[in-house]
Amino acid sequence: QEGCARGSSFGHKMEAARLALNNLPRLGNKKAVRVGRGRSSRRPRTAGRGMIGQHSRESVPPGFEGGQTPFWLRAPKHGVTRREPLVQYETLNLWKLQEYVKTGKIDASKPIDMVTLIRSNIVNDVRAGIKLLGGGSEEFSVPLNIRLSQASQSAIAAVEKAGGSIECVYYNPVNINYFRNPEKFLKVPRPGLPRGGLREWYQKPENRGYLSKATAAAALDAVYKQMLAKNEELLAERGIKA
């Protein structure tokens with residue numbers, strides 16, 4: 001028993017000795033090798049990088065193939081579904097629209113379209129279109145005839161309650177550029193049809209979409225005639241005959 005006790009105590013002492021700081025291996029004290037310091041050094045002359053080539057002059061990222069199209073771009077991709085691009089509209093609230101009408105910046109006696117909104121600077125940097133929101137719908141009381149890209153259900157209800165009307169029309173990027181700078185176009189660009197789920201949105205009557213009233217061809221012709229009439233109005237303001 002005494003020997004076992006002595007052995008067990010000796011084992012505990014050895015275990016404690018293994019956990020001591022002076023017995024830990026030196027992991028971070030590896031001496032750095034100085035490269036390119038003559039033949040007597042471990043990495044003389046070319047410093048272990050070889051003779052010539054890109055790898056001897058600079059680091060090359062993984063997958064780089066000298067400038068040609070890498071393999072991960074050349075190989076076909078499987079199982080990837082195409083997503084529709086996200087359309088981001090510039091938002092416009094009802095309270096701001098009513099404020100511009102009351103201050104005379106927008107003429108309420110004429111139909112309010114995309115050109116009117118963009119030229120009044122009520123929205124900035126229009127790229128895809130303008131969406132009317134219902135902010136301030138409780139105090140909205142001006143009857144307006146509005147034609148723009150999209151509108152929320154609260155905005156539609158507020159405009160129609162005030163005695164106005166609203167129509168949502170899709171405009172492609174070329175039409176938006178025409179609305180921003182009509183003087184840079186020699187002729188009015190024809191509108192196009194929306195794609196995918198966006199087209200279904202304009203076909204619903206509750207959204208006041210222009211595709212819910214007529215066929216696609218008839219709706220496009222109606223929108224194009226409206227754009228032509230607006231172009232003649234802009235030319236008349238500048239004193240130019242169509």
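Reader: Which residues of helix H7 are buried in this predicted model?
Author: The model is predicted. Helix H7 spans residues 173-180. Its buried residues are Asn-175, Ile-176, Tyr-178 and Phe-179.

Reader: Why do the buried residues of H7 sit on the same side?
Author: Look at the directions around the helix axis. The buried residues are Asn-175, Ile-176, Tyr-178 and Phe-179. They are put on the same side of H7 because they cover an arc of only 160 degrees.

Reader: What covers the buried residues of H7?
Author: Two helices are included in the cover. One of them is H5, residues 114-119. The other is H9.

Reader: Which residues does Phe-179 touch, leaving out those up to four places away in sequence?
Author: Phe-179 is one of the buried residues of H7. With residues up to four places away not counted, its contacts are Met-114, Val-115, Ile-118, Tyr-171 and Met-227.

Reader: Which residues touch the most other members of the largest nonpolar core?
Author: This core has 48 residues. Phe-179 from H7 is among those with the most contacts to other members. The full group is Leu-117, Ile-130, Leu-132, Phe-179, Tyr-202 and Tyr-210.

Reader: Still on that core of 48 residues, which element gives the most to it?
Author: The core has 48 residues. The top contributor gives 6 residues. That element is H9.

Reader: Where do Lys-230 and Glu-233 lie, and how many residues apart are they?
Author: Both lie in helix H9, residues 216-237. They form a salt bridge, with the closest N and O atoms 3.7 Å apart. Along the helix the spacing is about one turn, or 3 residues.

Reader: Is Lys-230 buried or exposed?
Author: The cut-off for buried is under 20% relative accessible area. Its partner Glu-233 has 28%, so Glu-233 counts as partly exposed. Lys-230 has 14% relative accessibility, so Lys-230 counts as buried.

Reader: Which residues are joined with Lys-230 and Glu-233 into one network?
Author: Lys-230 and Glu-233 form a salt bridge. Salt bridges that share partners extend the network. The others joined in are Lys-110 and Asp-113.

Reader: How many salt bridges does the structure hold?
Author: One of them joins Glu-65 and Arg-74, at 3.0 Å from N to O. Another joins Asp-125 and Arg-127, at 2.8 Å. The structure holds 9.

Reader: What is the relative accessible area of Arg-127?
Author: Its salt-bridge partner is Asp-125. Asp-125 is partly exposed, at 43% relative accessibility. Exposed means over 50%, and Arg-127 counts as exposed because its value is 53%.

Reader: In what order do the strands of the open sheet come?
Author: The sheet has 3 strands, and the pairing is parallel. The edge strands are S1 (90-93) and S4, each pairing on one side only. The order is S1-S2-S4.

Reader: Which residue stands opposite Leu-92?
Author: S1 and S2 run parallel, and 4 bridges join them. The partner of Leu-92 is in S2. That residue is Leu-132.

Reader: What angle does the direction of H4 make with that of S1?
Author: The edge strands are S1 and S4. H4 packs on the sheet, touching S1 and S2. The angle between H4 and S1 is about 70 degrees.

Reader: Why do the buried residues of H6 line one face of the helix?
Author: The buried residues of H6 are Ala-155, Ile-156, Ala-158 and Val-159. Seen down the axis of H6, they line one face because they fall within an arc of 165 degrees.

Reader: Which elements are included in what covers the buried residues of H6?
Author: One helix is named, H4 (94-102). Strands are named too. They are S2 (130-133), S3 (145-148), S4 (150-151) and S5 (165-168).

Reader: Which residue follows H6 with a positive phi?
Author: H6 covers residues 153-161. The phi in question is near 95 degrees. The residue is Gly-163.

Reader: Where is Asn-121 found?
Author: Asn-121 is not a glycine, yet its phi is positive, about 60 degrees. At 54% relative accessibility, Asn-121 counts as exposed. Its place is the loop between H5 and S2.

How values were computed
Residues numbered from 1 in each chain as written. Predicted model: local features only at pLDDT ≥ 70, side-chain atom pairs only at ≥ 80, totals over all residues. Heavy atoms only, no water. Buried < 20%, exposed > 50% of the residue type's maximum accessible area, 1.4 Å probe, protein only. Arc of directions from axis to C-beta. Contact = heavy atoms within 4.5 Å. Pairing = 2+ DSSP bridges. Axes fitted to C-alpha atoms, helices over the stretch in contact; angles between N-to-C directions. Salt bridge = Lys/Arg side-chain N within 4 Å of Asp/Glu carboxyl O. Core = buried A, V, L, I, M, F, W, Y, C linked by side-chain atoms within 4.5 Å.
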